2 protein chains.
Amino acid sequence: MSQAAPDIDLDTSIGYLLKQAASALHAAMDAVLRPLGLNITQYSCLELLAQRPGLSSSELARGAFVSRQSMNVLLQSLEGDDLVSRPGQAPVGRVLPVQLTPAGAALRVTASAAVRAVEERMLGGLDREAEGQLRSGLRACAGALSAAYASSGAASAAASSTESTSGDAATSAASAFRRR
Amino acid sequence: MSQAAPDIDLDTSIGYLLKQAASALHAAMDAVLRPLGLNITQYSCLELLAQRPGLSSSELARGAFVSRQSMNVLLQSLEGDDLVSRPGQAPVGRVLPVQLTPAGAALRVTASAAVRAVEERMLGGLDREAEGQLRSGLRACAGALSAAYASSGAASAAASSTESTSGDAATSAASAFRRR
DNA sequence: CAGCCTATGTCAGAATACTGACATGAGTCA
DNA sequence: TGACTCATGTCAGTATTCTGACATAGGCTG
């Protein structure tokens, strides 16, 4: 154990800074989306559907970083507001492709503009180079963590029940990486 | 309004990347902390107390990005496990300073090492310069958002009730700004 | 083709966090 | 000193999300 980094220092810990920034962004987005009648997850859902129409509920869940059960109840509320639509029956298998309704597409445009304004405020102090570095840094972090949990502990592979071990894990993504 | 960025592109949106990285970190930390009997907020609490002993429940709440009500129930569970202690009566005012017990301090050391390992894995692909840039980028983002909600809309200041408008807001950080 | 595995959608219960509201103690200012 | 503002701790109710479990559809392998 190196004595150089004996413990976590919250003032310099990237993890803590990440949580701090994410928390601030969450609050700021919530503040602009709430007047539109949307919470952040609902907005994420609309944005995902705008860019990739026909995604399934499970795919949306992974994209919005929530469990598929949560996404399902969320979709029900969006359906109730006539913002998205799902076919009554699965065209193939059991996957129900979700689509934006015209109302949903319109609301998404408004929400997207509001969120973009928040992002611009967040990045206001950064030049384009710093922005690019931040982007690639975040990508690297997410990628490194999405990789298999090599060391740490066990992970208990053996799936005994149907809902296998980490089958759900809202973390999505799965590139390959390794610790240094 | 630049027409160059008509909408949010999830693949390049810093906000989305931030959420992605934070989500991956959350999952990874949860995976290593759970075997220790801690969730992430509980760990944050122990870490905060290790670095700043005697913090009050409300201060811990802001530091851990949760409401003070949530922090209070969390502290009760930590007290039940004899990991932290609070005086039965406030030494001054109503602020109850929280302290780590020996058991809490010991557990924190173990947890801290585990979390540090996660952070190192997360940063494995970055050199020291990139790490520094990421750190400053995240600081800039958090800072820019914590600043007053200048434009956007309204923000509905008017505090009518006791629990004034944004008095709680688990967003911590800023708190500064107060229109008066 | 049968068996195994994975992924999806769904139901039910539990855990977690938040909002609203209130009383109290401290600091500030006229 | 007295009124006002602010922050803290706390109680109660609500909302959101997660975990566990199950049946079914599709792909893969022997």
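I'll walk you through how the protein chains meet the two DNA strands in this predicted model.

Some housekeeping: residues count from 1 along each chain as its sequence is written, and chains are lettered from A, with ligands numbered from 1, in the order in which they are written. Local features need pLDDT of at least 70, side-chain atom pairs count only at pLDDT 80 or more, and totals for chains, interfaces and linings use all residues, while side-chain values use heavy atoms, leaving out hydrogens and water.

Okay, strand C. There are 22 residues around it, where near means a heavy atom within 4 Å, and the nearest are A:Ser58, A:Arg62, A:Arg68, B:Ser67 and B:Ser70. Of the strand C atoms within 4 Å of the protein, 60% are sugar or phosphate, and the rest are in bases.

Now the polar contacts, meaning pairs of N or O atoms within 3.5 Å (within protein, one must be able to donate a hydrogen and the other to accept it, and residues adjacent in sequence count only if both atoms are side-chain atoms). The side chain of A:Gln69 puts an N or O atom 3.4 Å from a base oxygen of strand C. On the phosphate side, a backbone N or O atom of A:Leu96 sits 3.3 Å from a phosphate oxygen, and a polar backbone atom of B:Gly93 is also 3.3 Å from one.

Over to strand D. Here we have 21 residues, with A:Ser67, A:Ser70, B:Ser58, B:Arg62 and B:Arg68 closest. Sugar or phosphate makes up 63% of the strand D atoms within 4 Å of the protein. A polar side-chain atom of A:Ser70 comes 2.7 Å from a phosphate oxygen, and the B:Ser58 side chain has an N or O atom 2.7 Å from a phosphate oxygen too.
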